[in-house]
Amino acid sequence: MSSVLRYVESFIFFTMMFLGLPLVGSTEEAVHILDQAQFIAVESEIIPGVNRADWKPVDLPDIWHQNHPGYGGTIWYRAVVPLDTLPDQLWAVYLPRINMNAAVYVNGVLIGNGGRFEQPMARNWNRPLYFNVPQTLWQKGENILQLRLQADANCRGGLYPLHVGPESLLKPVYQRALLLQIDLLKILFVLSLCVSLITFVLWLMRRRDDSMYGFYALGTFFWAVYIQYFFVQDISISAHDWMWLTFSSAYGMVISMMLFCQLFMKLKCGWCLKVVPLYGLLTSILLYLTPLDSMFEMIAYSFVGIALFVIYMSVHLVRYAFKHLNFETAMLIFGVLVNVGFGIHDLLTLKLAWSPPNYLLHYGTPVMFFAMGIILLNRFLQILEQSERLNLELDQRVTQKEIALSAMHEALRLVERKEAILTERERMVEDLHDGMGGQLVAALSLVDKPEENSMLKQALENAMLDFRLVVDSLDDDSHDIATLLGMLRMRLEPQFNASGMQLSWQLKDGPELRGVPSEPSLHILRIVQEAITNAIRHSSGSLIGVLITAADGFLIVQVTDNGTGFMAKGQGHGIENMKKRAARIGAELNVESSSLGVAVCLRYPCGD
């Protein structure tokens, strides 16, 4: 027992050192800690008379549910502050803890209050109060400190020892307490809302398949709502609804974190997903139906069930840690166990009405949320790293495929080039064979006949003409069909002069006459050459007309003569060859013969 007392004394010593309270009160500037007073329970906004017989002594802290069970309303307190000399500096009154609201008077003069006394009453149960006392209010001898305290029935009303002393000593203590009990919670409230929103957006947009993010966002939101209970002073709803909102959010926070842990462990526990949320919903409904003066009792009982669920999940988490101990599991175990320990402390404080009611869960929960946030962040970074690695591998594969595809295209291009060369070679061979080859064979047959020199010359000239036609069609700069036909006209000029026939050449220029490839150009030249040659040799006419025009995406070449025409059965191979050439380039060839002459019309599609 003595060791325990020494431990308590050491704890008090270091606590007072931290808070800045003097350890002795031997000087006039020592802080007076008033732990004895008198009280009177009376509903009055005016200080009760000093000489009333119903003033009763009381030791502070005065815990209402112990000393005044079931009471709700106003209790007036008065205590004596003895002064041998008047203070030479500003003094203050510091109230470390009250419940729920208070107004402070010195020698009958109001020096401050905690806010509204009308319902809904200002909430100062977790807020330290501090009031400066004008120096003119102090007097030598006894000074009476009066305090009006108001609280609802069965809502843990109470007054704790009062501190009176120099501002230089009390204000730093008050500021540290305000920082720890109020300002820190405000900061955590804002951070929790931000984390909840960010996690919710992340889950909604990127991680819908991982419910851990959703439960984490929900849990941090519920916790943000819950911790307002500790620092909000003025509320806009009734105290009953405020209590219900606060502790329903606490249910939601605990349940969300339990489901988070279940998903983390991949625990196959289907009833947890149904029973635990249902329990939270039912307890929230029952709490709403509970009157204000019975709410704390209802909350204590409801959290017993929540505690059982938490213990069940904690046992599974510890068992899981033994099998899968790693960084994430260690972080979660640490956060959950800290939170469970603080939660049990708060449950006992609530159930056993410990005094003072120093709740710790709202300080332990950020530790758990931090651990869970580290887990989610670690997993998200792993996913990003994996995604980047996959993207890098994909880029490498795409690069490899591009190289392979480029090689295939190059090989295909070489094959196509070879095929084009072979096709062009075959076409040239065919044209040389059909045109110039036949002319040369005829010329050879005339070599041994001197009397046929003129015919030999004509055969050689025809062979040269065929050769020039082939060369002209292969010229890249001569894909203007009008130019090629003009060159054909020039090369056929000697035949026209020798035959005595007149030539009518009409050209109507247009975009269709340009850009005709070499192979169709050669076939068109061959067809026109054949048509003109047939007209010179067989028409017995005096005029040959050539019309070159374009219409509706077609190149139209028409060759006519005014001869005697020919019989269908006497067409020979010339017209058949022209039709084959036209079919090869996708053109239409129409040959009409009558007593007025022959008309050959070629329609080649050359539009887009």
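This is a short tour of a predicted model, stop by stop, with something to select at each one.

**The whole chain**

Start with everything shown as cartoon. The protein has 13 helices and 18 strands. Colour by burial and you'll find that buried residues account for 44% of the 608 residues. Switch to a surface view next: the accessible surface is about 32400 Å², and carbon and sulfur atoms contribute 61% of that. If you like contact maps, take contacts between residues at least 6 apart in sequence; 74% of them join residues at least 24 apart.

**Aromatic pairs**

Now show the side chains of Phe, Tyr and Trp. The structure holds 23 aromatic pairs. Select Trp223 and Phe369 for one of them: the ring centres are 5.9 Å apart and the planes meet at 65°, an edge-to-face arrangement. Which parts of the chain does this pair link? Trp223 belongs to helix α4 (residues 211-231) and Phe369 to helix α9 (residues 361-447), with the two positions 146 residues apart in numbering. Check the surface again around these rings. Trp223 is buried, at a relative accessible area of 1%, and Phe369 is buried too, at 6%.

Stay on helix α4 and select Tyr226 together with Phe247. Why is this pair edge-to-face? The centres are 6.3 Å apart and the planes stand at 70°, and an angle over 60 degrees counts as edge-to-face. Again the pair links distant parts of the chain: Tyr226 sits in helix α4 and Phe247 in helix α5 (residues 239-265), 21 residues apart. Are these two buried or exposed? Tyr226 is buried, with a relative accessible area of 6%, and Phe247 counts as buried at 7%.

Keep both selected and widen the view. Tyr226 and Phe247 belong to one aromatic cluster, along with Trp125, Tyr229, Phe230, Tyr251 and Phe303. Show those rings as sticks and you have the whole cluster on screen.

**Arginines over rings**

Next, select Arg148 and Phe117. The charged end of Arg148 sits over the Phe117 ring, 4.1 Å from the ring centre. Then move to Arg156 and Phe296, where the charged end of Arg156 sits over the ring at 5.0 Å from its centre.

**The loop between β11 and β12**

Don't leave Arg156 yet, and look at its backbone. Where is this residue found? Arg156 is in the loop between β11 and β12, and its phi is near 65°, a positive value in a residue other than glycine. Asn154 is in the loop between β11 (141-151) and β12 (158-159) as well. Phi of Asn154 is also positive, near 60°. As for its surroundings, Asn154 counts as partly exposed, with 32% relative accessibility. For context, most residues other than glycine have a negative phi.

**Two cis peptide bonds**

Finish with the backbone at two other loops. Select Leu60 and Pro61: the peptide bond from one to the other is cis, with omega near 10°. Pro61 lies in the loop between β3 (56-59) and β4 (62-63). Then jump to Asn99 and Met100, which are also joined by a cis peptide bond, with omega about 25°. You'll find Met100 in the loop between β7 (98-99) and β8 (101-106). Most peptide bonds are trans.

Methods
Residues numbered from 1 in each chain as written. Predicted model: local features only at pLDDT ≥ 70, side-chain atom pairs only at ≥ 80, totals over all residues. Heavy atoms only, no water. Phe/Tyr/Trp six-rings, centres within 6.5 Å; stacked < 30°, edge-to-face > 60°. Helix = DSSP H or I, 4+ residues; strand = E, 2+ residues; numbered from the N terminus. Buried < 20%, exposed > 50% of the residue type's maximum accessible area, 1.4 Å probe, protein only. Lys NZ or Arg CZ within 6 Å of the ring centre and 35° of its normal. Contact = heavy atoms within 4.5 Å. Areas by Shrake-Rupley, 256 points an atom, 1.4 Å probe, with all protein chains shown as cover.
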